[in-house]
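Please walk through the enclosed spaces inside this protein and the residues around them.

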Amino acid sequence: MADTLAHKKFGMVALLLEAVFIVLFGVFGKYHDEADAAVWGNATGQLKKSEINAVNSIVQNYPMFQDVHGMMFIGFGFLMTFLKWYGFSSVGLNMMIAALVIQWSMIINGFFHLKHGKFYIEVQSMLSADFACATVLISFGALLGRISALQCLALAMIEIPIFVANEYVGLNKFRAVDMGGSMFVHIFGAYFGIAASRTMAKKADGDNCNDGSRYHNDMFAMIGTIFLWLYWPSFNAGLAVGDDKHRAVINTYLSLAACTLVAFAVSSLFEKGKLEMVHIQNATLAGGVAVGTVSDMMIKPYGAVIIGSLAGVLSVFGYAFLAKRLRANNFLDTCGVNNLHGMPGILAALFGILYSGLASFDEYGYGLYQIFPARAPKMANGSFTFTLKDGEQAIAEGEGRTAGMQAAYQAAAASMTLLCAIMGGLLTGFVLRLPFLDNVPTADFFLDNPVWNVPEDYDGKQHRPKRREGSRASGDAGAASALIAAGDGKQRDEAEEGV
């Protein structure tokens, strides 16, 4: 009986969580007026002015939401398929985590913004939910192959309240600016996952022959890279408005392009004239992370290109050199999220401090108060009304901050995020080690067959010989490629398996 319950544990917990979500949505959730039939003009076929604006809001926001949605389910999912025998889990668990986080983050974020005892759901809140998905999926990348489905549920349920609380304080109390989420999403997700991984890791966990890739796996992973690369401008611009949105798209577009060319170049230099696929899969995306915080600011086209170039160098350096040293100290990071999300996120935070400190009314006009609302003059009635370039009036609750003060708050928000991520990740790692959460035996790391029904041609080996030097996580995959290329037949098979 106990054994039967153990096999059903994940399914029972997942159904229980969904039942809780149903109750919470029933009690507290409500359509935004844009989707409420009682407010909308469907019954008469006539639209009031406010309803016309609502229609335009949906038309403007949904395409970018759709792009970001594709990033979560296709981009992140396929980027993680590089492991030889973990493809089902990479795509499948990614999908499950995202579906859970969409609901859980809406509920938790809703409690921070309750109005009349309800939280309101519309396209913008859906986009924010996908940002939350990105945070947990980044953390999942650090733990990829070493946690069970039940532990994935626990990871998401614990991480989201900490993430939402940190973001709420950063945006609403510190009033920091982070349009593309480089601080609140990428830094938080990366170091939360790495801290949790460090807490869970045992000394021998890094020595596993299945912690590596094969030719066709890397091809699948490039599908994820391409989707993320194409849609990243929507990620960084999705929550922006007006000319800020236009600028965020341009800045991200240029940063990604520069990052990609530099990543190819630096990979060739570091790998003695050859290209390393792990660099191309990941470092080419670092420009999107590094420009995120300042994507809507007046950084100028050359600034976007410089930021992307620096991100490409930094990310390739992380994969080529730093990852190996971190792994030697038992910092296990399966996907290398430190190199793609963590360090480029810190770079983004530094540029956020710099450009916040340089922002002036002469350069931005009244748009300065749209990007930095806290810099608007402090008024007796609490709000400052100004007119934008298109003639539209906007309101900011100003604090009269100087540029230097805003830069200081940017630094404080980044520091708080890093601290919350590390402390929250360490705590979560201890929780994930609880026996109830079905800890994965070391021999089953990076394998699908303990969790999935696999086809007959699945050939994952449940053993743990010494990890070959060419493991992706070691930052020296080229050594494995040379070893495999040198053999044929049985020798090649043995080389691939690390035997």
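**Internal cavities and a buried leucine**

The largest cavity encloses about 100 Å³ of space. This is a predicted model, and the structure contains two cavities of 30 Å³ or more.

Thirteen residues, that is 13, line the largest cavity, and those nearest its centre are Leu-79, Cys-335, Val-337, Leu-340 and His-341. Helix H2 (49-79), helix H4 (123-143) and helix H12 (337-358) are the elements that each give two or more residues to this lining. In terms of class, the lining of the largest cavity is made up of nine nonpolar and four polar residues, with no charged residues.

The second largest cavity has a volume of about 30 Å³. Its lining consists of Arg-146, Asp-205, Gly-206, Asp-211, Arg-327, Leu-332, Thr-334 and Phe-446. Here the lining of the second largest cavity has four charged residues, along with two nonpolar and two polar ones.

One of the residues that line the largest cavity, Leu-79, also leads to another part of the model. Leu-79 is in contact with Leu-228, which sits in helix H7 (residues 215-237). Is Leu-228 buried or exposed? Leu-228 counts as buried because its relative accessible area is 1%, and the cut-off for buried is under 20%.

Leaving aside neighbours within four places in sequence, the contacts of Leu-228 are Met-71, Gly-75, Phe-76, Leu-79 and Leu-285. Gly-70 is 158 residues away from Leu-228 in sequence, yet the C-alpha to C-alpha distance between Leu-228 and Gly-70 is 8.3 Å.

Methods: Residues numbered from 1 in each chain as written. Predicted model: local features only at pLDDT ≥ 70, side-chain atom pairs only at ≥ 80, totals over all residues. Heavy atoms only, no water. 1 Å grid on protein atoms, 1.4 Å probe; cavity = no way out; pocket = protein on both sides within 12 Å on 5 of 7 lines; lining within 4 Å. Points joined across faces, edges and corners; volume = space filled by probe spheres on them. Helix = DSSP H or I, 4+ residues; strand = E, 2+ residues; numbered from the N terminus. Nonpolar A, V, L, I, M, F, W, Y, C, P; charged D, E, K, R; others polar. Buried < 20%, exposed > 50% of the residue type's maximum accessible area, 1.4 Å probe, protein only. Contact = heavy atoms within 4.5 Å.
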